[in-house]
Amino acid sequence: MPRGQAEHPTSYIIAALLLIGLWYLASFMLDSPELPTPLSVFYAFIAGIRADLGYHILISAFRVVYGIALAGSFAVPLGLLCYINRVDKFIAPVIYLLYPIPHIVLLPLIILMFGIGDLSKIVLIAIIVFFQILVTTRDAARNLSVNYIYSLLSLGATTKDVYRHVILPACLPKILTAIRISVGTSIAVLFFVESFATEKGLGYMIMYAWSKMDYPALYASIVAMALLGLFLYLIVECVEKKLCAWVYI
Amino acid sequence: MIEAKNLSMVYPDGTEALRDVNFVIQDGASCSIIGPSGCGKTTLLFILAGILKPTEGVVQLGVQPREVALILQNYGLFPWKTIYENIDLGLQMRGIPRSERKRIVLSLLDRLGLRSFANHYPDQLSGGMQQRVGFARALALKPRILLMDEPLSSLDALTREALQNFLLRLWKDNGMTMVLVTHSIEEAVFLGKEIIVLSPRPGHVVNIIENLNAGDANYRTKEAFFSKCREVRQNIPPAI
Ligand SMILES: Nc1ncnc2c1ncn2[C@@H]1O[C@H](COP(=O)(O)OP(=O)(O)OP(=O)(O)O)[C@@H](O)[C@H]1O
Ligand SMILES: [Mg+2]
C-alpha cells in the first residue's frame, strides 16, 4: 500500500518559513528593487486585496476551474470507455497523434472560433488539460484487471453496474491525480492566456505591474497566482482522500 | 444437476484451454475438480458460471443463473469497497431493499466473525479473513450452486484446514451443490464426494473418482483418506 505523504501541518509551516527565509536572504543579497523583500510584497498583497486583487483572483479561479471541469467532463467518460477494445481502437490512435502536439499553438485558431473573451481562454485551458486527463484515464482503464469484471459479473452485474462499481472506482485515484497535476498546467496556461486581450485576471495583473515596474505589486500578483494553484491543488487532494479512502489505508 | 456436454474452449488468441469436457454433478453433491496448473480449471468454472461462452458444447444447470455463485481465485474482492459494501454489492445489484440487505449482511458478518471489520477495506485484512468475506459475499445471494476456484490455495495450513471444515459444515447445513477447484489432492479428497481429474492443457476429463467417505469431519485422520489420496495421485497425469 502507498504511504501517502507526511501529514503534519508543522512540516508544511517549516517548509513555508524556509522558502520565505531564502527569499529574504536573496533579496538582501541582491539589494535591488527587482526582488523586494517578502514583507514589502506582503504589504503590497494586503493593499492589493483592499483594492481589486480579490476580484482578479476570482476571475482567474473561475477560468481555471471552468477549464478543468470542461476538460474532465469529456476526458473522463471518454477515457473510461477506452476499457472497451472497439472504442479504444478508435480513440488510442487519435490520442497518440494529438497528445504530443503543443496545443498552446492552437491559440490563434481558438480565438478565431471563440472570440477573444473568456470562452477562448477557458477552451484553451480545457484543450490542454483534456489530453492530460484523457491519457491518464485511458491508461488506468486499459490496465484494469479483468478479474474484477468477472468478479462483478459473477454477482449478476449489468454493463452499467460494471462502470459504476468497477471501472470508475478503480480508475478514480488515477483520474484525481491527473486533475491534481492539471491544476499546475492550467495555471501556467492561465498566465499565458491572461497576458493579452484582457483587463481581468492575475495574468493581466502581473503584466500590468511589470509594465509599470511596480515590483511589490508584481510579486503580490505572482504570490496570488501561486496561492490560487496551491489552494486548488489542496482541494483536489482533499476530494481524493475522501473519495479514494481505500488508497490511503 | 450440473451437466457439461462436449465443452471445448479456444480463446480468441488461439489458446486451446478445454477439449470436449463431459460430466454430470447431481443436485446437492460436492465435487472437487483437480488438475495441473494451466489446464483450464478457471476457464471451466467461468463457463459453468455463464461468464464465458464455450466455443463448443453446452452447460445445463437446472437452476436460474442467479442461483449460481462463483468465488474467484484470489478472493475477487473490490479493494475500493469496504467489507460491508463488498458483501452488500450482489444484493444491491439484485434490487433487494436496503433494510433487508442490512439484515442479511450483518448476520453473515456475525456468522463469519467479521462484524468488527465491517468498515475496513480488504487490504486491511489477512488472507484468511478476506477469503471469509469472499464466502460471505457469495452466501449472501443464497446460491443453490456454489462454484469455487482454488478458494483456499493462498492460505497457510492452519487457516486452510479451518476453512475446509467451514466449507464442509456449510455444505452439510445448506444442501447446496458445491464445486471446488483445487490443486491440493488432500483438499479434493476431504471435500469432494466426487473428484474430477483433468488432463494438462487442453483440459479434458481423465477420470471421475468416487469418494463416498467425504463429508466426515474426521476423515483426514482415517486410513481410507490416505488410500484415497494415493488413488487420486496415481490418476493425475504428470504435468510436463
Ligand atoms: N483470456 C485468455 N486469453 C487467452 N488465453 C487464456 C486466457 N485465459 C486463460 N488462458 C489460457 O488458457 C489456459 C487455461 O487457463 P486457466 O486459467 O483456465 O487455467 P487454470 O487451470 O485455472 O490454471 P491455474 O492452475 O494456474 O489457476 C492457460 O494456458 C491460459 O494461459
Ligand atoms: Mg485458475
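**Chains A and B and ligand 1: how the labels are earned**

Author: A backbone N or O atom of B:Gly38 lies 2.9 Å from an oxygen atom of ligand 1. The model is a predicted one, in which local features need pLDDT of at least 70, side-chain atom pairs count only at pLDDT 80 or more, and totals for chains, interfaces and linings use all residues; side-chain values use heavy atoms, with hydrogens and water left out. Residues are numbered from 1 along each chain as its sequence is written, while chains are lettered from A and ligands numbered from 1 in the order in which they are written.

Reader: What makes that B:Gly38 pair a polar contact?

Author: A polar contact is a pair of N or O atoms within 3.5 Å; within protein, one must be able to donate a hydrogen and the other to accept it, and residues adjacent in sequence count only if both atoms are side-chain atoms. The B:Gly38 pair sits at 2.9 Å, so it qualifies. Two side chains join in: an N or O atom of B:Ser37 is 3.1 Å from a ligand 1 oxygen, and one of B:Gln73 is 3.0 Å from a ligand 1 oxygen. Taken alone, ligand 1 exposes 630 Å², and the protein buries 66% of that (Shrake-Rupley areas with a 1.4 Å probe; for residues, only the protein chains shown count as cover).

Reader: How many residues surround ligand 1, and which helix gives the most to the shell?

Author: There are 14 residues around ligand 1, and the closest are B:Gly38, B:Lys41, B:Thr42, B:Thr43 and B:Gln73. To be near, a residue needs one of its heavy atoms within 4 Å of the molecule or strand in question. Helix H1 (residues 41-48) of chain B gives the most, with 3 residues. Helices here are DSSP runs of H or I with at least four residues, strands are E runs of at least two, and both are numbered from the N terminus.

Reader: Why is B:Asn74 called exposed?

Author: The cut-offs are under 20% relative accessible area for buried, over 50% for exposed, and partly exposed in between (1.4 Å probe, protein chains only). B:Asn74 comes in at 57%, so it's exposed. Now take B:Tyr75: at 11% it falls under 20%, so it's buried. Both B:Asn74 and B:Tyr75 lie in the loop between E5 and H2 of chain B. Phi is positive in each, near 60° for B:Asn74 and near 70° for B:Tyr75, though neither residue is a glycine.

Reader: Any other backbone oddities? What joins B:Arg201 and B:Pro202?

Author: A cis peptide bond, with omega about -5°. B:Pro202 is in the loop between E8 and E9 of chain B.

Reader: How do you know that the buried residues of H7(B) line one face of the helix?

Author: They are B:Phe225, B:Lys228, B:Cys229 and B:Val232. Seen down the helix axis, they fall within an arc of 105°, so they line one face; the arc is that of the directions from the axis to the C-beta atoms. An α-helix has 3.6 residues a turn, so residues three or four places apart point the same way. The face turned away carries exposed B:Glu223 and B:Gln234. The buried side packs against H6, E8 and E9 of chain B.

Reader: What span does helix H7 of chain B reach, and what is expected?

Author: H7(B) has 13 residues and reaches 19 Å from first C-alpha to last, close to the expected 18 Å. The expected span is 1.5 Å times one less than the number of residues.

Reader: Over to chain A. Why does A:Arg138 count as buried?

Author: A:Arg138 has 10% relative accessibility, and buried means under 20%, so it counts. This arginine is in helix H6 (residues 118-142) of chain A. Leaving aside neighbours within four places in sequence, its contacts (heavy atoms within 4.5 Å) include A:Gly79, A:Asp88 and A:Tyr96.

Reader: And A:Gly184: buried, exposed or partly exposed?

Author: Partly exposed, because 43% lies between 20% and 50%. A:Gly184 belongs to helix H8 (residues 159-194) of chain A.

Reader: How many helices and strands does chain A have?

Author: Chain A has 10 helices and 0 strands. Buried residues make up 43% of its 249 residues.
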